Amino acid sequence: MPHILPTHYAGQPLPAEYLAMITQAHAIQVYETPEGKNVDFEPPRLLCKTDHNGLPYYADLSDPEFYFKVIETRSDWPQLSLEEMQQGFTIGNYNEGRLFLLPNQSVWLIYSDLFYQKIADHFSQWFAGLCFSFEAGGED
């Protein structure tokens, strides 16, 4: 069964570079940052998998049950409201956190303790600095 990702989310288009890369993926796409850390982009079959509430993984930040306590960030970093956070499109994992895009195509990271931080102002610029490493795990 094909897993079709949306091309738009929260009323805005997803980055063209992201869509071009991920729609061809059959497994997790592992890229490396200039600092040597791995970025794992989930393939459509995992991003479209639904949870107990029927939400696909890419939309899991929109689930109000996700927030079991107040979200946190350092005061000197950009702040997000809960409404902005709920518009996040989950794309994978990075640095032990969940990587997501906002409608303005900025890249963010949220950890299991709900501490979050901005990774990049725009996906395209950030993605251009990554280097493909390998594809991990194939279709079941």
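## Burial and surface

In this predicted model, buried residues account for 46% of the protein's 140 residues. The accessible surface of the protein adds up to about 7500 Å², and carbon and sulfur atoms contribute 53% of that area.

## How the chain is organized

If you follow the chain through the model, you will meet four helices and nine strands. Their order along the sequence is β-β-α-β-β-α-α-β-β-β-β-α-β. The pattern begins with two strands, then a helix, and it ends with a helix followed by a strand.

Contacts tell you how parts of the sequence come together. Taking contacts between residues at least 6 apart in sequence, 51% join residues that are at least 24 apart.

## A space inside

There is one cavity of 30 Å³ or more in the structure. About 50 Å³ of space lies within the largest cavity. To find this cavity, look for its lining residues, which include Tyr-9, Gln-12, Pro-13, Leu-14 and Pro-15. Gln-87 and Phe-89 also line the cavity, as do Leu-101, Leu-102, Pro-103 and Gln-105.

What classes of residue make up the lining of the largest cavity? Eight are nonpolar and three are polar, with no charged residues.

## The cysteines

A disulfide is a covalent bond between the sulfur atoms of two cysteines. This structure holds zero disulfides.

Is Cys-48 buried or exposed? Cys-48 has a relative accessibility of 18%, so it counts as buried, the cut-off being under 20%. Cys-131, with a relative accessible area of 49%, is partly exposed, because only values over 50% count as exposed.

Notes: Residues numbered from 1 in each chain as written. Predicted model: local features only at pLDDT ≥ 70, side-chain atom pairs only at ≥ 80, totals over all residues. Heavy atoms only, no water. Buried < 20%, exposed > 50% of the residue type's maximum accessible area, 1.4 Å probe, protein only. Contact = heavy atoms within 4.5 Å. Areas by Shrake-Rupley, 256 points an atom, 1.4 Å probe, with all protein chains shown as cover. 1 Å grid on protein atoms, 1.4 Å probe; cavity = no way out; pocket = protein on both sides within 12 Å on 5 of 7 lines; lining within 4 Å. Points joined across faces, edges and corners; volume = space filled by probe spheres on them. Nonpolar A, V, L, I, M, F, W, Y, C, P; charged D, E, K, R; others polar. Disulfide = S-S within 2.5 Å.
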